[in-house]
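Reader: I should like to understand how charged side chains pair in a protein. Please show me an example.

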Amino acid sequence: MINQIAKQIIEILPQNAISRGVGVLGRSSISRYIIKPYSKIYKINLDEMEQSLDSYPNFTSFFTRKLKAEAREVVADPYTLSSPVDGKVAEYGDIKEGTLIQAKGIDYRVEQLIGCTKEEAERFDGGTFLTIYLSPSDYHRIHMPLSGAVTKATYLPGRLFPVNRIGVEHVPGLFTKNERLITYVDTQAGTIALVKVGAFIVGSVQVPYGNHTTNVKNGKYYTTSVNDTFYEKGEEVGLFEFGSTVVLLFERDKVKLTNTLERGTKLKYGEPIGTYKSGDLG
């Protein structure tokens, strides 16, 4: 009952305007006073941060902090995909007849998620997907799961419902309603769609290729070529200015997710999430 009431309250709020306002506040100098209590409440691992806690000029610079080079080890095997983010496995499985599962009894279609035609979505039909939720305590930069060339980006403006349990369980098709920025990568395991889902209070989603960002006032849908920018596995390919969700889409018979993945599994970026090989994966 409480969750349903919370969802109704959030639904009527000006989510995007509030999130932009929080983004402005997070980049202000006064926000630096939030950093220490926040790091204690969420038990941030200070030892793996690239900079000292006192060196961040504002909360956003701390939240989007980089890690020391030795803080993470990206799985070296060329046939193994690595987690693109720190986070918790929310859902995973097969894409059946163009449909993914969001939660028990709730699903949505690929073309709704990535904003393409039904014909374009067919490349992922019969493939697999993995949804990873980033909590406020997680590291929030996004990395390549496999080496490849970024060829295209799509921006889908939308709402900014929370992507926590309240949002997932009470907003049908949540990930097709919230803002998304999709990165398409050509790899040895076929085309991978890296879907970055915006959420309530997320200031923006940013990427290093092109002039792309989310939660802009009066934002418009677009798809644009990226001119085959190549990234190595583990290389940074974006960031969230607050907690959110990443959805990975893989083509049919290309990627087999590791059998250790379960809902609720905690991942660190660089850890193995699946393998690929040519031919039938069995």
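Author: A salt bridge is a side-chain nitrogen of Lys or Arg within 4 Å of a carboxyl oxygen of Asp or Glu. The model is predicted, so local features need pLDDT of at least 70 and side-chain atom pairs count only at pLDDT 80 or more, while totals for chains, interfaces and linings use all residues. Residues are numbered from 1 along each chain as its sequence is written, and side-chain values use heavy atoms, with hydrogens and water left out.

Reader: How many salt bridges does this rule give?

Author: Side chains of opposite charge can pair when their charged atoms come close. Under the rule stated above, the count is 9 salt bridges.

Reader: Which residue forms a salt bridge with Lys 266?

Author: Lys 266 lies in strand 15 (residues 266-267), strands being DSSP runs of E with at least two residues, numbered from the N terminus. Its partner lies in the loop between strand 5 (128-133) and strand 6 (141-143), so the pair ties together parts that are 128 residues apart in sequence. The closest N and O atoms are 2.5 Å apart, and the partner is Asp 138.

Reader: Is Asp 138 buried or exposed?

Author: Buried means under 20% relative accessible area, exposed over 50%, and partly exposed in between (1.4 Å probe, protein chains only). Lys 266, at 40%, is partly exposed. Asp 138 has a relative accessible area of 3%, and therefore counts as buried.

Reader: Which residues are linked in a network with Glu 48?

Author: Glu 48 forms a salt bridge with Arg 72, their closest N and O atoms being 2.8 Å apart. Both Glu 48 and Arg 72 are buried. The network of salt bridges links Glu 48 with Arg 72, Asp 86 and Lys 268.

Conventions: Helices (H or I, at least four residues) and strands (E, at least two) are DSSP runs, numbered from the N terminus.
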